[in-house]
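Work through these exercises with the structure open beside you. Try each task before reading its solution.

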Amino acid sequence: MIRKNTRVIALILTVVMLFASVSMFASATESDAFSVVVSMEGLTLGQGLYFEPKAYSLDEINSLLQREGYGPYEQSDLTAGMATLAFLIDHDAEYTMTGDWENSAYLSGVRGIDTGTVNIPGVITENGGPSNEDHDGNDDDYLGEFDYGSISGWMITVNNLMIPVGCSQFGFEDFGGTQNYQDYGNTYVVRWHFTLYGYGADLGYDNGWGMGGPYFEGANKDLLYIAYANSNNAEKKAAARAVMENLTATQQEVDAAVTALNGAEQPEEKPQARTVLNETMAQMAASIPEPVFGVTAGEWTVLSLARGGYYPLTDDYFNNYYLRIVETVKEKDASIGMNGQLHKVKSTENARLIMALSAIGKDATDVGGVNLVAPFDDFTWITKQGINGPIFALIALDTKQYATGDDTIRQQCIDYILSRQLSDGGWALSGTTADPDITAMALQALANYRSDAAVSEAAEKGIACLSAMQKDNGGYYSWGAVNSESIAQVITACTAWGIDPHTDARFIKNGNSAVDALLIFYIADKCGFAHVLESGGGYTGGEVNAMATDQACYALVSYIRLQNKENALYNMTDAVIPETELTAALNLPENIENKKGTAFNGIISLNGWKDGYRLMDCIVNVPAGLQVNDVSIGSRIGGGSLSYNFEEETGKLRIVYFDAQNGNVLTSEGKNYPMEFLNISFELKNYVSAENLAVGIAGMTMKQSSDSQTQLVVNTAQASDTVNLVDGLSFSVMTLYTGDGVDLIPTTRTAIAVAVTGVENGTLVEYNDGTDAVALRYSSSISEKSGVSTYVAMVDSSKSLDGFIDENNYTVSDGTAEEITFGDANGDGLVNAQDALGAVNLWLRKGQAPDDGEILCMNVTGDSRINTFDALGIVESFVDGADFAVVSRAAALKNTVD
Amino acid sequence: MELTKEKKLSKRQRRILLVSAILLLAVLALVLFFLLRGGSLLSSAPAVTVETPEKMSHTQRESFSLALELSALAETDYPAASFSISFDPEKLEFLGLDEGNVSVKHPGSASGAALPEWSVNVDKSNETGQINIMYLDMTGGKYAFSKDLLQKDDNVLLYLNFRLRGSVKQGDVYELCIDDAVFAASDEAESLAKAAGSLRTNNGRIVIGG
């Protein structure tokens with residue numbers, strides 16, 4: 001129904017429509033995707049949002065308008081009226097109007113939105129407007145002019161400006177620079193308000209129409225509306241909506257709501273990125289068990305898994321890859337015959353392989369006798385691929401600071417890159433418009449040369465260019481599509497320059513960071529990344545793509561490394577394979593009770609393993625007063641049988657381990673070191689007058705045959721230890737590990753082991769130093785290993801451990817202590833697949849963060865994290881019967897407190 | 001008189017006894033059913049079974065395989081599974097595993113499925129007399145066991161390969177006892193586990209004949 005009597009409002013709006021429009025150029029950047037956020041609200045009636053803010057692209061608006069025969073429109077032709085019409089079409093809204101949408105639309109009523117419940121804010125009544133008890137009411141289904149009051153009706157703001165013309169005459173780009181017209185880049189906010197009294201003064205706007213100015217200081221809520229329209233977080237949107245629907249919300253409240261909706265979400269994305277990275281690496285490792293030389297299923301995969309720490313550098317995954325690469329490199333070098341070139345024109349083949357080899361700690365200057373760095377002395381060869389060549393060359397050469405024969409090569413590469421910087425600050429393979437991928441890669445290559453003023457200046461422009469190219473969803477457009485690879489390169493570039501691509505304002509658009517944008521491409525059920533989300537250019541939208549997954553994975557690695565304050569992705573000077581000299585250590589308990597018959601164990605461990613040996617012999621010096629009850633081989637060692645003899649007169653314990661029947665080589669399971677090799681069970685023959693006893697290894701060798709030239713002499717220089725002899729009860733405390741905050745164990749928690757002499761195994765021992773009561777759990781596995789009753793607990797990392805050696809802080813009673821079973825994540829008394837899966841799921845963040853007890857049970861490797869190594873540790877222990885590393889470590893530790 | 005009375009009582013008693021007997025049998029059958037079901041003998045829970053072969057000769061020296069069979073799975077994914085099977089290592093030599101026909105999901109393959117890679121340590125098994133077998137999908141679900149991948153008929157998880165040792169004697173019986181078995185779901189409440197009573201196990205038995 002259309003009311004005929006338009007009286008005051010109609011008159012005013014007619015006058016308004018006659019105002020000349022002011023032509024101004026919008027300051028929006030051309031690279032922003034055009035977007036209009038439209039809403040409709042009745043805050044003056046206390047009825048909140050009738051239609052919540054919704055964002056429309058130009059295509060979406062044209063698509064909606066096409067239903068009623070309008071358009072299509074170019075961005076420059078689009079008016080607030082047409083955006084409104086699209087919005088009404090989208091909501092199937094029935095409305096009344098005068099004029100027409102293309103020239104002079106006046107929206108007079110909208111059907112079915114009036115809830116009938118009126119709760120007029122007091123500020124309107126106080127300024128002379130209607131009250132809940134005294135208003136004109138609404139006598140039809142439409143909410144519009146003259147309802148509830150004589151000067152009520154619909155008013156429109158665009159970018160917080162109460163527009164001075166009719167909505168059909170208001171082109172979005174025409175009013176930039178107008179006072180109060182806010183600039184949100186290429187995003188525009190159209191809000192339809194129901195004014196009840198004061199021609200907008202009741203909305204907090206000053207329209208200059210002689211109604212005494214706004215009745216309250218109206219906040220600009222546009223950014224909140226934009227954030228709301230682009231958020232998928234229902235919980236946060238509900239909180240934001242409460243602010244949006246508060247007519248008199250202050251600007252401070254609105255800003256806080258924007259932060260809550262946008263900014264507060266950002267830190268929560270970090271663990272999500274980590275989870276996605278973990279899942280992606282797991283999928284990569286599973287689907288590419290044998291990477292080879294190549295762009296896909298090759299170097300980038302190896303680089304990601306190495307720099308992401310998925311496998312240790314000593315793992316066979318990398319060792320076997322290297323063996324395959326050696327063969328490939330030798331074949332290619334022989335066939336090409338160009339001094340280490342893997343391709344006659346593609347220097348990036350060498351560069352890519354150098355990056356992967358550096359990542360796994362290998363020397364690229366000697367790969368099966370081939371020097372992959374040497375060809376980079378030829379700058380002509382480097383530039384045969386255009387700018388890609390110098391970019392890759394710089395990154396590869398700098399991974400390990402490889403020296404070139406021609407020491408000007410690096411500068412030539414830098415000069416080449418700088419000379420090709422475009423006027424917009426970016427770089428491209430060709431043409432004069434910056435491409436995000438090449439711009440980002442150029443920045444990656446230049447990152448090590450930031451002290452050079454020319455580089456620094458160029459980088460500043462390049463970073464600004466990348467920021468300007470970023471789309472509203474945080475992503476990047478290149479080669480015809482918004483794609484994940486471009487975003488990945490930008491993230492990698494940011495991290496190379498120490499810029500957090502998730503929090504730095506330059507890389508957040510419309511509340512979306514570059515990291516947010518990349519994660520949109522993650523296909524969760526496939527644990528991989530799509531190249532594009534919408535089909536086109538020969539790609540299927542939302543389909544996992546190997547190259548996209550590779551690039552996204554190392555981009556997330558670079559991002560997580562930045563979070564962890566580790567070397568940047570391509571600074572691989574930290575990728576060093578640990579020293580491999582085989583070294584033995586001997587560990588005794590800190591204290592034992594000094595009385596006849598006291599038994600304890602000495603553990604001989606190795607820092608690694610060498611395959612191919614058939615026999616081990618070892619001589620241990622045992623002091624007077626000790627007898628040897630038994631010697632056993634470590635649970636991870638196999639292939640032989642053990643013999644020993646203790647000669648009391650000389651104190652020599654001679655041990656030999658070999659396969660007497662078949663002469664098989666000795667074997668070792670697992671990769672965690674140090675590894676228990678031998679366990680010697682000692683016993684005090686009598687009370688000993690000395691304060692301590694020392695045991696040491698006199699020598700240890702591994703032999704392949706009778707040929708002495710092939711024997712391996714194990715380093716036993718430090719393989720000795722002392723045990724203190726104490727009377728009765730004593731306590732020693734060892735730090736097992738402290739969380740590093742990366743994977744599930746917070747930096748604030750430390751695991752300790754307390755060894756107690758003078759008690760029966762399993763005795764209830766309680767600790768209370770007056771400040772803290774610490775729950776001690778008895779560990780039979782550690783106790784059996786060391787021969788001394790041992791308990792474990794989690795304490796605050798800041799807590800001094802001095803109190804744990806003070807007998808006065810303990811109560812020893814007849815009860816039975818609670819016992820811990822390492823690996824038993826679910827506490828059912830069994831260690832099986834459920835526990836291994838539990839560790840995997842925890843690491844994948846598919847459950848609650850573990851409590852202290854769960855950390856103790858699940859961190860079976862005894863390192864600072866709960867991750868897939870713990871899952872594998874559970875599998876190995878279950879299948880191979882191997883002791884958990886945390887048990888061996890705990891048994892071998894010495895007192896932390898002097 | 002006495003005989004007549006006895007005859008009349010017998011007629012009534014016959015009917016009463018007949019009805020009572022039927023009722024008693026029905027009650028007993030019900031009690032037995034629920035007792036056995038409670039004790040898992042008639043439980044509807046999925047079962048893992050070690051195949052019991054036909055009687056063997058003590059002179060047999062060829063290796064033989066025993067299937068570890070699965071009856072069913074529930075409507076969820078199981079990213080991990082493990083079995084602990086004890087045997088007498090003095091009489092039997094465990095030689096290793098062969099693949100069965102129960103697949104796990106494998107998104108990267110054409111069929112979407114692949115046979116799982118079981119972890120087992122043959123030497124350690126013979127040393128301890130317990131075969132510990134585990135499968136773990138490190139992605140937590142992408143390569144999981146699923147009801148959808150079970151066969152219509154026999155579902156063989158794997159084959160256990162053995163050889164009789166020289167010390168076996170006629171008349172010996174060797175039990176292959178499933179000490180623990182679990183199909184682990186991410187939500188433990190949905191797991192199938194012997195310890196929880198949600199997975200039944202049936203031991204295998206090797207009988208040595210002449």
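Chain A has 24 helices and 34 strands. The model is predicted.

**Exercise 1. Describe the make-up of chain A and of chain B.**

Solution.
- Step 1: Start with the elements. The 24 helices and 34 strands of chain A stand beside two helices and 13 strands in chain B.
- Step 2: Turn to burial. Chain A has 898 residues, and 51% of them are buried. Chain B has 210 residues, of which 31% are buried.
- Step 3: Look at contacts between residues at least 6 apart in sequence. In chain A, 70% of these join residues at least 24 apart. In chain B the share is 78%.

**Exercise 2. Find how many residues of chain A are in contact with chain B, and which elements supply them.**

Solution.
- Step 1: Count both sides. On chain A there are 27 residues, in contact with 28 residues of chain B.
- Step 2: Locate the chain A side. Helices α8 (265-287), α21 (833-843) and α23 (868-880) of chain A each supply at least two of its residues.
- Step 3: Sort that side by character. It holds 13 nonpolar, nine polar and five charged residues.

**Exercise 3. Work out the strand order of the open sheet that contains β28 of chain A, and say which strands stand at its edges.**

Solution.
- Step 1: Read the order. The four strands run β28-β29-β33-β32 (chain A), and the pairing is antiparallel.
- Step 2: Find the edges. β28 (730-738) and β32 (777-778) of chain A each have a single partner strand, so one side of each has no neighbour in the sheet.
- Step 3: Check one inner pairing. Strand β29 (residues 749-757) of chain A pairs with strand β33 (residues 789-796) of chain A over eight bridges, in the antiparallel sense. One such bridge links R749(A) to D796(A) in β33(A).
- Step 4: Add the helix. α24 (residues 885-892) of chain A lies across β28, β29 and β33 of chain A. Its direction is at about 140 degrees to β28(A).

**Exercise 4. Decide whether strand β24 of chain A is largely enclosed or left open, and find its partners.**

Solution.
- Step 1: Count buried residues. Strand β24 (residues 675-684) of chain A has ten residues and eight are buried, so the rest of the structure largely encloses it.
- Step 2: Take one partner. Strand β17 (residues 599-606) of chain A pairs antiparallel with β24(A) over eight bridges. Here I603(A) has N679(A) as its bridge partner.
- Step 3: Take another. Strand β19 (residues 626-633) of chain A is joined to β24(A) by seven bridges, again antiparallel. Q627(A) is bridged to E683(A) of β24(A).

**Exercise 5. Describe how helices α13 and α15 of chain A cross, and which residues make the contact.**

Solution.
- Step 1: Give the geometry. The axes of α13 (residues 388-399) and α15 (residues 436-446) of chain A come within 8 Å and cross at roughly 35 degrees. The crossing is left-handed.
- Step 2: Name the residues. α13(A) brings I391(A), L394(A) and I395(A), while α15(A) brings M441(A), A442(A), Q444(A) and A445(A).
- Step 3: Classify them. Six are nonpolar, one is polar and none is charged.

**Exercise 6. Find the reach of helix α16 of chain A and what covers its buried residues.**

Solution.
- Step 1: Take the length. α16 (residues 453-469) of chain A has 17 residues and reaches 24 Å from first C-alpha to last, close to the 24 Å expected.
- Step 2: Find buried positions. They include V455(A), G462(A), C465(A) and M469(A).
- Step 3: Identify the cover. It includes α14 (409-419), α15 and α17 (484-496) of chain A.

Definitions and conventions:
Residues numbered from 1 in each chain as written. Chains lettered and ligands numbered in written order. Predicted model: local features only at pLDDT ≥ 70, side-chain atom pairs only at ≥ 80, totals over all residues. Contact = placed C-beta atoms within 7 Å. Nonpolar A, V, L, I, M, F, W, Y, C, P; charged D, E, K, R; others polar. Buried ≥ 20, exposed ≤ 12 C-beta atoms within 10 Å, placed from the backbone. Pairing = 2+ DSSP bridges. Axes fitted to C-alpha atoms, helices over the stretch in contact; angles between N-to-C directions. Left-handed = near helix turned anticlockwise from the far one by under 90°. Expected span 1.5 Å × (residues − 1).
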